[in-house]
Amino acid sequence: MGFTQAQLRSFEGRSVPDLVAPGIRLLFVGINPGLWTAATQTHFCHPSNRFYPALRRAGLFDVDFDADVGMTDSQRAAFLARGMGITNLVARATARASEIAADELREGSERLLTTVDILAPAVVAIAGVTAYRTAFDRPGAAVGHQPLGLSGIETWVVPNPSGLNAHETIDSLAGWFAQVGRAAGLL
């Protein structure tokens with residue numbers, strides 16, 4: 001089915017609720033929701049996004065769903081029951097992450113710190129090194145384990161799973177996701 005460009009544009013500026021619950025061990029952090037994500041109300045949801053296929057390959061989540069409609073409530077519950085959650089640095093949906101201003105990312109880092117303080121996951125995995133560098137004023141940061149964690153929580157930067165990130169594959173992303181899954185005690 002999919003969406004027309006006009007339908008997707010109607011979701012600009014909308015938000016997607018965090019997929020979080022007390023007791024999660026691994027909190028994934030996106031940059032911001034894409035328009036398809038806003039339309040389906042499912043984080044990292046786009047037919048070209050490699051997030052869920054990489055989670056499956058890493059052994060972290062084995063639930064299929066239709067990217068045209070997003071996750072069902074029971075699938076969201078299964079994700080949370082697996083010990084994982086998802087939030088974003090910026091809540092506003094855009095067609096591309098490059099539409100997010102540096103100030104928005106810095107403001108989003110403050111919101112994320114509050115979320116991390118409340119949830120206290122074992123590991124935070126931020127998807128996107130460029131956004132992380134800007135949001136947390138760490139221009140030299142690289143993908144991988146971060147020596148300066150967030151609120152004392154082990155923090156990793158993993159590659160952005162967007163289909164627009166041509167440098168990564170499902171296999172390479174699965175490798176990163178397996179690392180953060182092991183660090184969180186989920187594998």
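**Exercises: helix H4 and its salt-bridge neighbours**

Helix H4 spans residues 73–81, and its buried residues (under 20% relative accessible area, 1.4 Å probe, protein chains only; exposed is over 50%, partly exposed in between) are Gln75, Arg76 and Phe79. Helices here are DSSP runs of H or I with at least four residues, strands E runs of at least two, both numbered from the N terminus. A quick note before you start: this is a predicted model, where local features need pLDDT of at least 70, side-chain atom pairs count only at pLDDT 80 or more, and totals for chains, interfaces and linings use all residues. Residues are numbered from 1 along each chain as its sequence is written, and side-chain values use heavy atoms, leaving out hydrogens and water.

**Exercise 1.** Work out how the buried and exposed residues of H4 are arranged.

*Solution.*
- Step 1: Gln75, Arg76 and Phe79 cover an arc of only 100° around the axis (taken from the directions from the axis to the C-beta atoms), so they sit on the same side of H4.
- Step 2: the face turned away from that side carries exposed Asp73, Ser74 and Ala81.
- Step 3: the buried residues of H4 pack against helix H2 (35–40), H3 and S2 (contact: heavy atoms within 4.5 Å).

**Exercise 2.** Find which parts the salt bridge between Arg57 and Asp171 ties together.

*Solution.*
- Step 1: a salt bridge needs a side-chain nitrogen of Lys or Arg within 4 Å of a carboxyl oxygen of Asp or Glu.
- Step 2: for Arg57 and Asp171, the closest N and O atoms are 2.3 Å apart.
- Step 3: Arg57 lies in helix H3 and Asp171 in helix H7, so the pair links parts 114 residues apart in sequence.
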